[in-house]
Amino acid sequence: MRFRNLVVTAAVVAALAGCTNETLDSVNISNVKNKTEYQLSSKLVSKMRELGMQKSSPILLRIFKEEGTLEVWKANTANRFQLLKSYKICAWSGKLGPKVKEGDRQAPEGFYPLYPHQMNPNSSYYLAINTGFPNAYDKANNRSGTHLMIHGACSSSGCYSMTDEQVIEIFALARDAFRGGQENIQLQAFPFRMTAENMARHRDNPNIEFWKMLKEGYDQFEVTKRPPQVNVCERKYVFNQQSDGTFNPAGQCPAMSTPPELQVAMANFEKDYKRDYDKALKKFEGMVWYEPTEAERKAVVAEQRKGRELAYAPTGTSLDAGKLMKVSDLEKKVAAQKEAEEARQATLIQKEALEKAGREGRTVPVPEPNPIARPVEQATLQPVPARNSFWNLFSNSEPATPAPAAPSPEQAASQPAPVQQPAAGAPAAPENPRVATAAAGEAAPAEQPLTEQPNKRPFWKIWGN
């Protein structure tokens, strides 16, 4: 029994120790008096010493959109970079792929130098580091956008947004590196880890050629563990190239060469990569990767937002929201999404037109919905007395309109005959119409049923008063 209690106690202590370490490793923002002078935790400083790093040695930042990760790499005493810490990006907007124009909500991809003046201690998003977009490559390719940051507040519209606790630590790491003499910090922003399997999985993406270009710099860092020297010419990135000429981002590349040692190392790397890539192609044969939308990523992490402030808006990872699909299934899904988007755009256009008309004080007709087929209802049509035209007055034929049905004897007895009022100034007509006919000197017509003929007047009444 005593042994069992010791085991339970040890398990509880270990669990608490884990929680304590995790707590010590995080930052309590409420206790920070000066966010720009925040000092790194003792645990992180101890880890630096274990890895042979000076507190003020250079750093490098790497971002991987697909898995939502920001890595901080730091130089050791041999000037080779090692991974110091990995952070989970709270929010990034758009989809995989580079930023092309202002307002596209895309977060940048590429190689960006970060200088001390790009550190913003007075950001509306707690703290921020400007990525420097557009860089030389972006400008040469007519890409536009402003204020693309790494910042706090967990809210993104083209930025890489962290929590405030994360960004204060990243800001402090960059601050110490600049104080140690680092001229600029290299930011490498990738869509995903550019392994053979990931490149094969995304082989059908329209950005694949751009990513192949970024992969050269990615591979060279993987081999050397040192930030590659980045230049731009002929509107493309070039890495670790020696040249006596000038690199013109939009102009022709000068004569250049790769250092021999790097060339040998990269040849061996490429050999292994090709083998792995061919293997991955067989694995993904007949399958393509569905890249999720930002909304689909947010849906995966919806539970994380419950009970948090409105500003807390994690966007999740593409790995969690995306999936491998058959080509035919993906085509159907993309077609359905396109149709839904077109319908949404049509609704927005109509809404804007109505709002504009309202502001201008005019009315815009709203299209009615398509009529729905209804069954035809049969109804008994009551005959309408026909009016004689002028020419029918001289005709003995009866109007084409059928005469109303004669009332039954009971109806005739119960309904009094209508009394026709004489015209003004005319002598009163006798009660019996046959008397009037005899008085006019005409022969009395044959006996007819007493059926009322509405609106029918004798011929001679037409011209009389």
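**Two disulfides and a pair of crossing helices**

Cys 90 is a good place to start: with a relative accessible area of 6%, Cys 90 falls under the 20% cut-off and is therefore buried. Keep in mind as you look around that this is a predicted model. The partner of Cys 90 is Cys 154, and the two form a disulfide with their sulfur atoms 1.8 Å apart. The bridge ties together distant parts of the chain, 64 residues apart: Cys 90 sits in the loop between strand S3 (81–88) and strand S4 (91–92), while Cys 154 sits in the loop between strand S8 (149–151) and S9. Turn the link in your viewer and you will find -65° about the S-S bond, which makes it left-handed. Cys 154 is buried too, at a relative accessible area of 2%.

Stay in this neighbourhood for a moment and find Thr 163, in the loop between strand S9 (160–161) and helix H4 (164–179). Setting aside its neighbours within four places in sequence, Thr 163 touches Cys 90, along with Gly 152, Ala 153 and Tyr 312. Is Thr 163 buried or exposed? Its relative accessible area is 19%, and buried means under 20%, so Thr 163 counts as buried.

The structure holds 2 disulfides, and the other one joins Cys 233 to Cys 253, with an S to S distance of 1.9 Å. This pair also links distant parts of the chain, 20 residues apart, with Cys 233 in strand S11 (residues 230–233) and Cys 253 in the loop between strand S12 (236–239) and H7. Here the link is right-handed, with 90° about the S-S bond. Cys 233 is buried at 0% relative accessibility, and Cys 253 is buried at 13%. Counting the bonded cysteines in sequence order, the pairing reads 1-2, 3-4.

From the loop of Cys 253, move on to helix H7 itself. H7 covers residues 260–283, 24 residues in total, and spans 35 Å from first C-alpha to last, close to the 34 Å expected. Its buried residues are Leu 262, Met 266, Tyr 273 and Ala 280, and they pack against helix H5 (196–201) and helix H6 (208–224).

How do H6 and H7 lie relative to each other? Their axes come within 10 Å and cross at roughly 110°; angles of 65 to 115 degrees count as roughly perpendicular, so that is how H6 and H7 are described. Where they meet, H6 contributes Lys 215, Asp 219, Gln 220, Val 223 and Thr 224, and H7 contributes Leu 262, Ala 265, Met 266, Phe 269, Glu 270 and Tyr 273. The residues of this contact divide into 6 nonpolar, 2 polar and 3 charged.

Notes. Residues are numbered from 1 along each chain as its sequence is written. This is a predicted model: local features need pLDDT of at least 70, side-chain atom pairs count only at pLDDT 80 or more; totals for chains, interfaces and linings use all residues. Side-chain values use heavy atoms; hydrogens and water are left out. Helices (H or I, at least four residues) and strands (E, at least two) are DSSP runs, numbered from the N terminus. The expected span of a helix is 1.5 Å times one less than its number of residues. Buried means under 20% relative accessible area, exposed over 50%, partly exposed in between (1.4 Å probe, protein chains only). Contact means heavy atoms within 4.5 Å. Axes are lines fitted to C-alpha atoms, for helices over the stretch in contact, and angles run from 0 to 180 degrees between N-to-C directions. Angles under 35 degrees count as roughly parallel, over 145 as roughly antiparallel, 65 to 115 as roughly perpendicular and the rest as oblique. Ala, Val, Leu, Ile, Met, Phe, Trp, Tyr, Cys and Pro count as nonpolar, Asp, Glu, Lys and Arg as charged, and the others, Gly among them, as polar. A disulfide is a pair of cysteine sulfur atoms within 2.5 Å.
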